Amino acid sequence: MSTHYKAFIVVFVLSVIGFVFFRKPYAAAIGAKRFDNWRNLWLAITACLFLIPSFWPYVIISALVVLFMSRPDPLKSALFMLLLFVSPNIGDAIPGFAGINKFIMVTPQAVFTFVLLIPAMIAAPKMKKLTPVGSAADVCFLLFLALQLILCLRGPTVTHIIRTMIEQFLVIAPFYFVFSRAPKSLSDIRIISAAYTMPILILSVLSILELIRTWHFYTSVGYNWFGAMPFTYTMRDGFLRASASVIDPIVWGFIAMTGIGVGLAFFTENFSKFYKSLGFGLLTIGLLMSLSRGPWMGAVAMILAFVAISPKAMTRAVQLGAASVLGGLIAMVTPFGQKILNLLPFVGTTAGDTISYRQQLLKAAREVMAENPFFGSSNYLDHPKLEALRQGQGIIDIVNSYLEVGLKSGFVGIALFVGVFLFALMSLRGAMKSAITYNPTLALYCRAYFATIVGIMITIFTTSSVYHTPIVYWSILGLAIALARIERHCRLHQGSPNINAQPLAPEAEATPEFNWK
């Protein structure tokens with residue numbers, strides 16, 4: 001049996017086990033029928049991924065499967081979250097004709113966007129004016145999007161301009177727009193959170209096997225599609241850096257970190273102590289298996305933010321400190337724990353060259369940005385100061401999303417980009433303070449998404465916006481704005497808030513839905 005089919009068996013069997021094992025808490029939270037449909041859809045697309053040997057037949061068949069199996073579920077945004085990590089985010093360009101070299105790049109995620117999100121985006125009720133809550137984030141987002149599209153006009157040819165404008169639009173607009181408007185109630189946020197965390201739990205188990213067996217299960221998919229993969233097995237301190245279905249280790253660490261953040265709300269609300277401990281344990285191990293320090297730092301910042309804005313901040317801080325000391329002591333007396341400590345920034349000594357590279361990149365990028373401070377440059381990679389950072393693989397790795405935005409679109413672009421994050425945090429903070437008096441569950445979700453965004457802002461300082469990364473942070477930013485708007489609508493319909501009010505059970509929740517018109 002070939003390695004490819006062995007990988008399929010491992011992925012498929014572990015997926016079945018994961019869905020069976022976590023069915024009880026998830027089905028109780030979102031409904032058994034919906035969960036079973038999710039399981040069947042995930043397994044069907046996974047089978048297509050490994051059993052269809054060519055890329056374009058897979059794209060067509062998977063689109064038809066999603067179209068057929070998604071009909072019973074009205075919340076298409078949740079289905080998109082479920083399928084976001086089912087396959088690597090790699091693809092091919094639509095072949096051109098009549099002198100046109102190629103059209104837009106197509107990936108499995110782009111197919112799911114077209115099938116699930118674009119119809120929702122078109123059908124979404126148009127707002128005649130921006131609502132007071134989240135309007136500042138919306139304005140920054142719309143201006144950032146407009147700036148990226150306008151800067152595409154710097155392209156060398158008309159076809160290049162059109163192609164890059166379409167690709168820029170598709171990697172930014174649908175995710176923020178749909179996720180900031182599709183959820184109409186806390187129940188919708190709960191369902192989307194469930195759809196986001198379930199696949200990451202499965203992939204966390206796979207990441208453990210990757211490190212133990214020194215085997216990336218999904219790389220054979222790329223070989224089947226294109227005959228080669230632009231990725232290699234990356235080792236750190238003698239261990240394979242796990243990457244699950246996202247191929248890149250630091251991106252996998254980023255995703256596991258955000259899964260923990262979303263789980264701070266979803267697991268806490270819906271899971272028993274056993275399932276909650278197991279869920280957080282798997283996600284934490286999945287994060288560690290990436291051997292990526294950026295996501296580790298983001299996770300620490302995320303947990304600290306979550307504790308700092310919690311109702312019992314001091315008590316939780318003491319508990320967190322005690323747990324950290326205990327974890328550090330355990331790590332010091334175990335071989336793998338010592339390896340982890342050796343990888344920590346400012347403490348360990350492993351991979352010091354990557355820190356040095358980031359420092360050089362930061363210095364060089366600042367100097368390059370100073371030459372085009374307002375709107376950046378389209379050919380910044382050709383600048384001699386960055387050319388000196390070209391690595392052995394022949395690439396200049398801009399391992400910092402803020403620098404990437406700044407080099408492309410200047411300080412204006414950075415200001416708008418960061419503005420979306422900051423205004424989303426402000427909206428969530430205000431919503432959390434209001435919700436804590438009448439709906440602690442809603443406040444919990446606001447606090448968890450607030451902390452997740454803090455973790456994202458730290459992590460993307462250490463990685464470029466590649467593969468799944470921008471899809472994740474634009475979607476979570478959209479969900480943050482949706483949460484703030486849901487809280488405002490809920491508060492206006494609550495009357496005088498009752499400080500002693502208890503959260504309602506999922507099936508009896510009375511949070512009203514609302515119309516965006």
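1. Start with Gly 406. Setting aside residues up to four places away in sequence, Gly 406 touches Met 369, Gly 376 and Ile 414. This glycine sits in helix α19, and its relative accessibility is 1%, so it counts as buried. Met 369 is 37 residues from Gly 406 in sequence, yet their C-alpha atoms are 6.9 Å apart in space. Bear in mind that all of this comes from a predicted model.

2. How far can you trust it? The chain's mean pLDDT is 84, with 82% of residues reaching 70 or more. Helix α2 (residues 23-30) has the highest confidence, at a mean of 96, while helix α15 (residues 313-332) has the lowest, at 57. Then there is the stretch 495-517, where pLDDT stays under 50. The model does give that stretch 47 contacts beyond four places in sequence, but a caution applies. Where pLDDT is low, predicted coordinates should not be read in detail.

3. Now the overall make-up. You'll find 21 helices and four strands in the chain. Of its 517 residues, 56% are buried. Take the contacts between residues at least 6 apart in sequence: 77% of them join residues at least 24 apart. On the outside, the chain exposes about 21900 Å², and 67% of that comes from carbon and sulfur atoms.

4. Which residues touch the most other members of the largest nonpolar core? They are Tyr 26, Ile 255, Ile 453 and Trp 474, in a core of 170 residues. Helix α19 (residues 401-435) supplies the largest share of this core, with 15 residues. That's the helix that holds Gly 406.

5. Trp 474 deserves a closer look in your viewer. Beyond its neighbours within four places in sequence, this tryptophan is in contact with four phenylalanines, Phe 141, Phe 144, Phe 175 and Phe 417. Its other partners are Val 171, Ile 172, Tyr 176 and Val 420.

6. Helix α20 (residues 440-459) is worth a click too. Its 20 residues span 28 Å from first C-alpha to last, close to the 28 Å expected at 1.5 Å a residue. Why call α20 largely enclosed by the rest of the structure? Because 18 of its 20 residues are buried.

7. Two helices to compare by eye are α5 and α11. Helix α5 (residues 76-83) is mostly covered, with seven of its eight residues buried; they are Ser 77, Ala 78, Leu 79, Phe 80, Met 81, Leu 82 and Leu 83. In helix α11 (residues 219-226), the buried residues are Thr 219, Ser 220, Val 221, Gly 222 and Trp 225. Right after α11 comes Gly 227, with a positive phi near 80°.

8. Pro 199 ties back to α5. This proline lies in helix α10 (residues 186-213) and is in contact with Trp 42, Met 81 and Leu 82, leaving aside neighbours within four places in sequence. Both Met 81 and Leu 82 are on the list of buried α5 residues. Pro 199 has 1% relative accessibility, so it counts as buried. Gly 18 is 181 residues away from Pro 199 in sequence but 8.8 Å away in space, C-alpha to C-alpha.

9. Last, the cysteines. How many disulfides does the structure hold? Zero. As for individual cysteines, Cys 48 has 12% relative accessibility, so it counts as buried, being under the 20% cut-off. Cys 490 is also buried, at 1%.

Key. Residues are numbered from 1 along each chain as its sequence is written. This is a predicted model: local features need pLDDT of at least 70, side-chain atom pairs count only at pLDDT 80 or more; totals for chains, interfaces and linings use all residues. Side-chain values use heavy atoms; hydrogens and water are left out. A nonpolar core is a set of buried Ala, Val, Leu, Ile, Met, Phe, Trp, Tyr and Cys residues joined through side-chain atoms within 4.5 Å. Buried means under 20% relative accessible area, exposed over 50%, partly exposed in between (1.4 Å probe, protein chains only). Contact means heavy atoms within 4.5 Å. The expected span of a helix is 1.5 Å times one less than its number of residues. A disulfide is a pair of cysteine sulfur atoms within 2.5 Å. pLDDT is the predictor's confidence in each residue, from 0 to 100. Accessible areas come from the Shrake-Rupley method with a 1.4 Å probe; for residues, only the protein chains shown count as cover.
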